[in-house]
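Visitor: Could you take me through one part of this model with some care? I would like a close look at the surroundings of the ligand, and then at how that part sits in the chain.

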Amino acid sequence: MNELDAERAYVERCREAVRRMLDGARHNVIVGETVAGDRYSAERLGRHLKSLAKELSEEPDGPPFFGRLDYGPDAGDHAARKYYIGRRHLSGDTGEPPVVIDWRAPVARAFYRASAREPGGVAVRRRFGWSNDSAELTGYEDERLDLGEERDAAASRIVTAEIERPRVGPMRDIVATIQPEQDELVRAPISGSICVQGAPGTGKTAVGLHRAAYLLYAHRQRLRNGGVLVLGPNQAFLGYISQVLPALGEVDVEQTTVGRLLRHRGEMRAHDGEDAAVVKHDARMAKVLRRALYARVRKPSGTLAVPDGSYRWRIDEYDLRRVVDDTRREAVPYLVGRERVISRLVSLLQQRAESRGQTPNAAWVKRMRRSITGFTDEVWPTVRAEEVVAEVLTDADALARAAGGTLTPAEQKAILWTRPPRSHRSARWSEADIVLLDEVAGLLEREQGYGHVIVDEAQDLSQMQCRAIARRSEHGSITVLGDLAQATTPWAAVRWPDALTHLGKPDTAVIALTTGFRVPAAVVALANRLLSTLDADVPQTRSLRSDGMLRVRRVPDLATAVVAAVRDALRHEGSIGVIAADVGPLAERLRAEGIVVAGLDGADATAGTTGAQVTAVPATLVKGLEYDHVILAEPAAITEAETRGANRLYVALTRAVSRLDVLHTRSLPAALDDHGSPM
Ligand SMILES: Nc1ncnc2c1ncn2[C@@H]1O[C@H](COP(=O)(O)OP(=O)(O)OP(=O)(O)O)[C@@H](O)[C@H]1O
C-alpha cells in the first residue's frame, strides 16, 4: 500500500471511531436519562450527551484530521510515536490511545510551533489536503524537521490554497493553518491579558475566536462560572463569525456587541449629536456621575430618636456622622453602603438594648430597621441609575455641581437635554446614555463578571464603553484585538495604553501582527498609501498573497459601471461585496437588472449566511467583514461622509480577498490619486 492509501485507510479508521462514539453517545443518552440517580444529574448528563451526539452526527464526514506529527527516536515520552491532529478528539478502541488528538491538547502545540531550529523532538510534520467538500483526502506535504527542512506559510501549497480559497458563506475556522505567531497568542496563558494591534486581515478575529476555544478547553473548570464573552462591533459582524466557535465544538460562548450587552439598562430611543456623544463617552463622565450620586449622601444633623414601644432609643449626632463617614471611606458600592449604614445603626441600638438588660430577637431587629428607614432615606437614600443620569442631563445646576472643574461650561451645555423629559421614567435614552446608566448601575452594585472577555475591533470603543467592559472582567483577563488605523468613531482610541487603562488592564503588553492573510499585495499597496495619511502610529502590512487583482477606473456613470463589474465578478466563484457610502440606489439598480442582491443593514443578523452571492453593504457596516470580490463605489463620498472618513475608506479598501474594483466618477482622495492613471 502506498503512503497516501495508508492515510486513506486511517481516515476510515477515524470514521469508524466517530460511528462508535456516536453509538456510545446515543446509547448513553437513553441510559443517562433513565438510570441517572436524580433528575438534576439525569438532565445534565442527558444534555451533555445529546450535544455530543449532535456534534458528532452533524459532521460525521468532515475531515477527521489535518495534520500528523512523527516524533523521532530521542523524544522522551513521545519517542517514535505518531499523532494525528484534528478539530476534535476521537477515541481509540477500548484501551487504545486516541486516533485523533484535539488541536488544543498540549501535544498538538508542536504542530503549530515546531521549527527546524527548535523541532522539540518532532522528526516530521505532515499537513493533509482535502477535497473542497472535505470528503476525500487528496494529498499531504511533509516537512522533515529532523533534516533541517521547513516551509513557511508562503511555501506550503496546502496552506496557500487554504488562504487563497474563495470565500463563500460565513467565516470558517483556521485550525489547520494557524501560524506560529498567531498560535502564541491563541495559547497565551489565561492569567494575563493581551492586546493585539493587527493590520487588516492579519487574523485578529480568527486569533480571538480560536483563543476562546483554546481557553475553554484548557481551563474548563475555571471558566465554568464566569464563561467567555466575545464582543464585536455589530450584528452583521457577529453573523459573519457566528459559525466559527460551534465548528470548534464550543456552543456556550456569548457573542454580542457592547450595545446589546447593556441593553437591559434601557431602551435606545434617541440619537445624540456628535458634540454631546463625545462628551458622554469621555471617562470624565464617570467622575461627574460619581459626584452626582454621592451628592445624595448627607451629613446627619441632630440626634436620632427611635421609638421602641413606650421607650425611645437615642443615637447622637457624633455617632451618626461616624457611621456615615466610616461607610463612605470604605468605598463599597452605594447600595451596599446604604445597607451597612442600616446594619451599623441597628447594631448600635442593639448594644443599647442589651446594656439595659434586654435580649433583642429577630423580630425586634426587623422592627428597628423599619423605624430608622426615614432617617436612612434622608442620609443615604435608595436611588435608581435612571434618576442620577436623568438629573445630570436635565438639571443644569445639579450638573454644574457634579461637573465643576471636570467639564467645561460648553461641555456641560452640550450634554444637557434640550427638551427634558418630565421624569426619568419617560426619558428617551441614547446609546451613550445607556453606557452612563451602566456606569451608575456599577456604582450602585457590583457587576457579575466573566472569566475572560475577548474584545474585537476594540479601537472603536469609547472610554466609557471600556469601563463597562472593565466592570465585567475585573477578576478575569481580557484579549483586546484591534487596529488603530481602522478607528472610525469620534471617540476612538489614539494609543493602546489609553484604551487598556480604561479597560482596567493598564499593564497589558501590545503585540503587533503584520502578515496579512486576506488582502492581496496589490490591494495592500494601495491601502498603505492611505495609511500614511491616517495619523495612526501602526506598522504597515505585508501581504502573504501575491495573487489577486486591483482595478481603479474612472467611469462616466457609477450605477452602470457597478452593474457591469458585478456581472463580470459573477463569472468567478466566491462572494461579491458592493460597498458605497450610500449603497441603496446601487442595490436597487442591480435588482432592476435582475441580479439577486442581499442587503446588509444593522438589523440583518444573518450577514454572510444569506446564500446570495452579491451583498450590498454600506461602508459604515463593513468592518470585520470580507468578500472574495469587492466593488468599491465612489471613494470620495466615503471620506466625506464622516469625520474619520479616511479611516472608513481604509477599512473598505481592505475587505477584498481576491479582487478589488474601485469605481469613481469624481476625483479620488489625494492619497489614492495616481494622477488618474489606471493601476
Ligand atoms: N493562519 C491562517 N490561515 C488561513 N487563513 C487565515 C489565517 N489567518 C487568518 N486567515 C484568514 O484571513 C482572513 C482575515 O482574518 P481576520 O478577519 O481574522 O483578520 P482581522 O485581522 O480581524 O481583519 P480586520 O482587521 O480587517 O477585521 C480570514 O478569512 C481568516 O480566516
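**The ligand and its surroundings**

Guide: UniProt, in an unreviewed entry, places the feature "domain: UvrD-like helicase ATP-binding" at residues 177-520, and I should say at once that the model we are looking at is a predicted one. Over residues 177-520 the chain is 48% helix and 13% strand, while the C-alpha atoms at the two ends are 18 Å apart.

Turning to the ligand itself, we find 23 residues around it, of which the closest are Thr-177, Gly-203, Lys-204, Thr-205 and Phe-517. Sorted by class, this shell consists of 11 polar, seven nonpolar and five charged residues. At least two residues of the shell come from each of helix H4 (157-164) and helix H6 (204-218), and H6 provides the largest share, three residues.

As for the wider chain, the domain assignment divides the protein into domain 1 (3-187), domain 2 (194-265 + 446-515), domain 3 (298-379) and domain 4 (521-672). The centres of domain 2 and domain 3, taken over C-alpha atoms, are separated by 45 Å.

One further residue may be worth locating on the structure, namely Lys-366, which belongs to helix H15 (residues 362-371). Lys-366 counts as exposed because it has 11 C-beta neighbours inside 10 Å, and the cut-off for that class is 12 or fewer. Between the C-alpha atoms of Lys-366 and Leu-407, which lie 41 residues apart along the chain, the separation is 44 Å.

Technical notes
Residues are numbered from 1 along each chain as its sequence is written. This is a predicted model: local features need pLDDT of at least 70, side-chain atom pairs count only at pLDDT 80 or more; totals for chains, interfaces and linings use all residues. A residue is near a molecule or strand if its C-beta atom, placed from the backbone, lies within 6 Å of it. Helices (H or I, at least four residues) and strands (E, at least two) are DSSP runs, numbered from the N terminus. Ala, Val, Leu, Ile, Met, Phe, Trp, Tyr, Cys and Pro count as nonpolar, Asp, Glu, Lys and Arg as charged, and the others, Gly among them, as polar. UniProt positions are given in the numbering used here, feature names are shortened, and annotations may be inferred rather than shown by experiment. Domain bounds come from an automatic or database domain assignment. A residue is buried if 20 or more other C-beta atoms lie within 10 Å of its own, exposed if 12 or fewer, and partly exposed in between; C-beta atoms are placed from the backbone.
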